[in-house]
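Welcome, and thanks for taking a look at this one. Here is a short briefing to read beside the model, arranged by topic.

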Amino acid sequence: MAKTHEIAAQARNDEGKGASRRLRRASFVPAVVYGAGQPAQSIQIEHNTILLAAKHEWFFSSVLDLNIDGKVQKVLVRDWQKHPFKQQMLHMDFLRINENEAIRVNVPIHFLNQEKSPAGKTAGVVISHNLNEVQISCLPKDLPEFIELDLVDLKPGDIVHLSQLKLPASVEIPELHLGVDHDVAVVTAVTVQEEVDEAPAEGAEGQPAAEASKEPKK
């Protein structure tokens, strides 16, 4: 089970574009928390708090303790807007969760021991990560921060499918219930052969045949 992380926030009453701009100038991020049959609530979070948390992958894939003026709510990050080129978060949406209901969350895949595998040690083999995250379903208490995939035995030509991921207890991949066509490749190890251009045939005097056949002009 992944541990939760606390994010401090404050309730806000002013809304609209003008209020949001004022918050950003004051180094706050305007946000909304909704769901679990409760009314949506407008909140604000110090920008440095979000900036530091967003550097960790758990921020986007874990259950968070959102502490709003001393009252903690269990939430997931559901949407965010970033400035196109500045290191600035413009807006965030948080979804309240029911701890007794299963949730669907995209969690990152951590690839282990790739360089130690037979495929990783073989020249001319390209190892591709076709997926870097996977959607899982579980109760909030069972939510892992990531899924590990050990590639120590990966050989040239191998394909690792979604169904081969080792999941924690009580965690499943909903995509696999849709049929074998959805059991997609997570990792492939393909041998790539370099194409070598053939040297042109030489004439009797060591010249390319095309040139050797040409007669000098008289």
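Which residue in β6 is the bridge partner of V32? The partner is D93, and this pair is a good place to start, as it leads into the barrel. Please keep in mind that the model is predicted. In outline, the protein chain holds four helices and 12 strands, and buried residues make up 35% of its 218 residues.

**The barrel and its helix**

- Six strands form a closed barrel in the order β1-β3-β2-β6-β5-β4, and their pairing is mixed.
- On average, neighbouring strands of this sheet are turned by 45° against each other, with direction ignored.
- The V32 and D93 bridge belongs to the pairing of β2 (residues 28–35) with β6 (residues 89–96), which is parallel and runs over four bridges.
- Helix α1 (residues 17–25) packs on the sheet, where it touches β2, β3 (38–46) and β6.
- The direction of α1 makes about 125° with that of β2.
- As general background, the strands of a sheet pair through backbone hydrogen bonds, in either the parallel or the antiparallel sense.

**The three-stranded sheet**

- A separate topic is the open sheet of three strands, ordered β8-β12-β11 with antiparallel pairing.
- Strands β8 and β11 stand at the edges with a single partner strand each, so one side of each has no neighbour in the sheet.
- The twist from one strand to the next averages 10°.
- Five bridges join β8 (residues 125–129) to β12 (residues 185–191) in the antiparallel sense, and within this pairing H129 stands opposite V187 in β12.
- Three bridges join β11 (residues 159–161) to β12, again in the antiparallel sense, and here H161 stands opposite A185 in β12.

**The largest pocket**

- If you want a site to inspect, the largest pocket has a volume of about 250 Å³.
- Its lining is made up of L112, E148, L149, D150, L151, D153, L154, V160, Q164 and K166.
- Which strand gives the most to this lining? Strand β10 (residues 147–150) does, with three residues.
- Sorted by class, the lining has five nonpolar, four charged and one polar residue.

**Q44, a residue in the barrel**

- Is Q44 buried or exposed? Q44 counts as buried because its relative accessibility is 15%, and the cut-off for buried is under 20%.
- Q44 lies in strand β3, one of the strands that α1 touches.
- Leaving aside neighbours within four places in sequence, the contacts of Q44 are A9, Q10, R12, L23, F28 and V29.

**K121, a residue in a loop**

- K121 is found in the loop between β7 (103–112) and β8.
- K121 counts as exposed because its relative accessibility is 63%, where the cut-off for exposed is over 50%.
- Not counting residues up to four places away in sequence, K121 touches E115 and K116.
- How far apart in space are K121 and K155, C-alpha to C-alpha? They are 9.3 Å apart in space, with their positions 34 residues apart in sequence.

**Backbone angles to check**

- A36 is not a glycine, yet it has a positive phi of about 60°.
- A36 sits in the loop between β2 and β3, and it is partly exposed, with a relative accessible area of 47%.
- N113 also has a positive phi of about 60° without being a glycine.
- N113 lies in the loop between β7 and β8, and it is partly exposed at a relative accessible area of 23%.

**Contacts across the chain**

- Among contacts in the protein chain with a separation of 6 or more, 66% are between residues 24 or more positions apart.
- One contact of Q44 to look up in the model is A9.

Conventions:
Residues are numbered from 1 along each chain as its sequence is written. This is a predicted model: local features need pLDDT of at least 70, side-chain atom pairs count only at pLDDT 80 or more; totals for chains, interfaces and linings use all residues. Side-chain values use heavy atoms; hydrogens and water are left out. On a 1 Å grid over the protein atoms alone, a cavity is a set of points where a 1.4 Å probe fits but cannot get out, and a pocket is an open set with protein on both sides within 12 Å along at least five of seven lines; lining residues have an atom within 4 Å of a point. Grid points are joined across faces, edges and corners, and a volume is the space filled by probe spheres set on the points. Helices (H or I, at least four residues) and strands (E, at least two) are DSSP runs, numbered from the N terminus. Ala, Val, Leu, Ile, Met, Phe, Trp, Tyr, Cys and Pro count as nonpolar, Asp, Glu, Lys and Arg as charged, and the others, Gly among them, as polar. Two strands pair if DSSP finds at least two bridges between them. Axes are lines fitted to C-alpha atoms, for helices over the stretch in contact, and angles run from 0 to 180 degrees between N-to-C directions. Contact means heavy atoms within 4.5 Å. Buried means under 20% relative accessible area, exposed over 50%, partly exposed in between (1.4 Å probe, protein chains only).
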